[in-house]
Amino acid sequence: MTQTSALTAALFAASLLLSPAVQAEEAAGIDAFATWELDGTVVKSGPEEATLVGSLAGPVFIDSGKGPTYAGQILCPGTLTIRLEDGSQTGEGVCAFHAKDGAEAYGKWRCAGYHMVGCKGDFVLTGGSGRLEGMTGESELLIRGELLEAVKMAGSAATQHAVGIILWHDLRATLPGQQ
């Protein structure tokens with residue numbers, strides 16, 4: 001990462017963390033992650049598949065090149081369908097990022113993959129509120145967790161608990177200036 005892009009990423013990270021007075025900035029190359037917990041419902045949705053419906057929730061950290069910094073909390077409701085025979089999975093949902101000062105950013109995700117490898121896909125920032133109003137952007141997304149065992153243990157329907165990590169790689173975002 002060049003010094004200029006590191007500075008832009010740092011400004012973007014700071015805007016998510018604290019600063020309500022950030023002018024229009026475009027940031028690229030930001031990596032972020034959240035450790036999550038999920039209490040969801042697993043429903044057998046076919047002869048060899050089950051669907052997990054729930055919300056991932058946990059702390060979010062942003063790394064602008066100087067190491068991870070706490071940025072707030074995330075809540076991502078969604079669904080994940082898992083093929084029991086081979087562990088393949090597809091999922092989709094939405095996310096709300098809650099910054100420490102009450103500002104929020106919103107996004108949508110879709111993913112596909114395999115158990116233990118993760119569910120990889122696209123994440124799109126769709127807006128925000130407060131000082132993050134109008135935020136747009138996109139990144140690669142990877143969700144990993146111990147979900148296959150929870151799904152296999154569920155039978156026809158059950159509530160299950162799972163933990164994992166969600167990664168946003170090379171986040172590119174635009175934060176409009178304050179009016």
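## Thr35 and its surroundings

In this predicted model, Thr35 has a relative accessibility of 35% and therefore counts as partly exposed. The value falls between the two cut-offs that matter here, since a residue is called buried under 20% and exposed over 50%. Thr35 belongs to strand E1, which covers residues 25–46.

Which residues does Thr35 contact, once neighbours within four places in sequence are left aside? They are Ala57, Gly58, Pro59, Gly164 and Ile165. Of these partners, Ile165 shows how the fold can bring separated parts of the sequence together: Thr35 and Ile165 are 130 residues apart in sequence, yet their C-alpha atoms are 4.4 Å apart in space.

## An aromatic pair on strand E1

Strand E1 also holds Phe33. The structure contains 5 aromatic pairs, and one of them is formed by Phe33 and Phe61. The ring centres of Phe33 and Phe61 are 5.1 Å apart, with an angle of 20° between the planes. Because planes under 30 degrees apart count as stacked, the pair of Phe33 and Phe61 is described as stacked. The pair links distant parts of the chain, for Phe61 lies in strand E2 (residues 49–63), 28 residues away from Phe33 in strand E1.

Are these two rings buried or partly exposed? Phe33 has a relative accessibility of 23%, so it counts as partly exposed. Phe61, with a relative accessible area of 22%, is partly exposed as well. Together with Tyr70, Phe33 and Phe61 form one aromatic cluster.

## Ser139, a buried residue

Ser139 is located in strand E7, which spans residues 136–145. Its relative accessibility is 3%, and Ser139 therefore counts as buried.

What does Ser139 touch, not counting residues up to four places away in sequence? Its contacts include Gly121, Asp122 and Phe123. Ser139 also touches Trp168, His169, Asp170, Leu171 and Arg172.

## Strands E4, E5 and E6

Strand E4 (residues 88–99) and strand E5 (residues 104–114) run antiparallel and are joined by 11 bridges. Within this pairing, Thr90 stands opposite Ala112 in E5. E4 and E5 form a hairpin with 4 residues between them. In the turn of that hairpin, Gly102 has a positive phi of about 100°.

Strand E5 also pairs with strand E6 (residues 118–129), in the antiparallel sense and over 11 bridges. Here, Cys111 has Gly121 in E6 as its bridge partner. Gly121 has appeared above already, as one of the residues that Ser139 touches. The hairpin of E5 and E6 has 3 residues between the strands, and Met116 takes a positive phi near 75° in it.

## The protein as a whole

How many helices and strands does the protein have? It has 2 helices and 8 strands. Read along the sequence, these elements follow the pattern α-β-β-β-β-β-β-β-α-β.

The protein has 179 residues, and 44% of them count as buried; Ser139 is an example of a buried residue. The protein exposes about 8,800 Å², of which carbon and sulfur atoms supply 57%. Among contacts with a separation of 6 or more, 58% are between residues 24 or more positions apart. The contact of Thr35 with Ile165 joins residues 130 positions apart.

Notes:
Residues numbered from 1 in each chain as written. Predicted model: local features only at pLDDT ≥ 70, side-chain atom pairs only at ≥ 80, totals over all residues. Heavy atoms only, no water. Buried < 20%, exposed > 50% of the residue type's maximum accessible area, 1.4 Å probe, protein only. Contact = heavy atoms within 4.5 Å. Phe/Tyr/Trp six-rings, centres within 6.5 Å; stacked < 30°, edge-to-face > 60°. Areas by Shrake-Rupley, 256 points an atom, 1.4 Å probe, with all protein chains shown as cover. Pairing = 2+ DSSP bridges.
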